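Here are a few exercises to try with a model open on your screen. Have a go at each one before reading its solution.

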Amino acid sequence: SAEFVGAEDVYECRVDNGGICDPDPTRATCTEVAGALPTCTCNDAAGFVTMPGKAEGSECGLQSEMYTLSTRADTYFLLHHADALEYGWRVAEIKMFSDVGCTEQVVYEAAVCAGVYGETLPAGVYAGPAGSATEACYSKVRGTYPSATVADVTPTNLFNEQAEAQPTMAWWSECLNCNPEPAGPTKAQHTMATELEGPAYIEWYVNKQLRIECVEVTQIQRHHSSQLVLEMGPAQGLGCGMEDGVPRCAPTQVFRADVDVSTAETVPAGSAASGVETSILKTQIRTTCGTQDTQIFAELLGGAAAPRGGVVGSYGQVSVTENNVVPSACHCQQLCADHVPYGCRTWKYYDGNGLKHCYLQAEP
């Protein structure tokens, strides 16, 4: 007779990549361990790493570059008219919203930033450049109507966050016959030191992490522009910025909106600066980038010096404890513009199920 002692183990990796590993074998490797559960490892060489908050190898995704707020530029907005104005330009209010439905307002005081992240400047908009070297963000208009008798025409009225914009609180342009075409350099070449004989404009910028998807402009009828242009771009860049004497950075996106005069709202005489009944026009400009629910397929941007298989075009959340995601599609588009010298040609942005991810792509 004989006695035998045996042991039996299951080849877990043969079924669904082990069950506890990422089910896609191109993303993760399942390794058998005698008498124990298999080990899971994300395929580093292909650029895959374990997702934040997940067990090793259980859920693998592309290695993400860190979207670091400290290295990103704030966003500027430049509003001007595209048509000739014969009686000057009067703007009663500008409001910003974080959604395309224009319902979730971003108060300007919270939107502006100062030299130290998290600080805010006083609410309002101010003519001219920043007053000190530590004041990194400011707003500007091109010319205000000079009058000692007409009250409440200053640029501080543009962002005073009234519940309802009223003509008693409006900004009046300095020009009465406002020409939409610049006489000299282009907008991108414009500097604070050289004023153009071009359109009146309103310029402001907001904190780098904010998502602005709608801007509402309220104008005074008969002193309004029928065609508004809103430019958006980085506040700082190589050889460009918001400082005095420095050219503006080229806009990342330009939005245009026709003003519908049939939507005019009447303001009673008692509320109007002139003492007579007048009207205001509200125009909402959607400031979104790309085409929703549409994908462009191309190779993910890569580089020989990049870690983990050369993947540099993936910007997702790399930590569950840090706010380092790309805030919006427009931020993703700006990332691609910044990476054009490195081969970025298209981009994709995913926003769903609590996940935001920006993909930078090279040639198809």
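**Exercise 1.** Find the bridge partner of serine 314 in S18, then work out which strands stand at the edges of the sheet.

*Solution.* Keep in mind that you're looking at a predicted model. Start at serine 314: its bridge partner in S18 is tyrosine 359. Next, look at the two strands as a pair: S16 and S18 (residues 355-361) run antiparallel and are joined by two bridges. Now zoom out to the sheet, which is open, has three strands and follows the order S16-S18-S17, with antiparallel pairing. Strand S16 (314-315) and strand S17 (346-352) each have a single partner strand, so they stand at the edges, with one side of each lacking a neighbour in the sheet.

**Exercise 2.** Is valine 325 buried or exposed?

*Solution.* First locate valine 325: you'll find it in the loop between S16 and H3. Then check its relative accessibility, which is 18%. The cut-off for buried is under 20%, so valine 325 counts as buried. While you're there, look across to lysine 356: the two are 31 residues apart in sequence, with their C-alpha atoms 6.4 Å apart in space.

**Exercise 3.** Which helix gives the most to the largest nonpolar core, and how does that helix lie against the strands?

*Solution.* Begin with the core itself: it has 43 residues, and Leu79, Trp89, Ile94, Ile202, Trp204 and Leu360 have the most contacts inside it. The top contributor is helix H3 (residues 329-338), with five residues. Finally, H3 lies across S16, S17 and S18, and runs at about 155 degrees to S17.

Methods. Residues numbered from 1 in each chain as written. Predicted model: local features only at pLDDT ≥ 70, side-chain atom pairs only at ≥ 80, totals over all residues. Heavy atoms only, no water. Core = buried A, V, L, I, M, F, W, Y, C linked by side-chain atoms within 4.5 Å. Buried < 20%, exposed > 50% of the residue type's maximum accessible area, 1.4 Å probe, protein only. Helix = DSSP H or I, 4+ residues; strand = E, 2+ residues; numbered from the N terminus. Pairing = 2+ DSSP bridges. Contact = heavy atoms within 4.5 Å. Axes fitted to C-alpha atoms, helices over the stretch in contact; angles between N-to-C directions.
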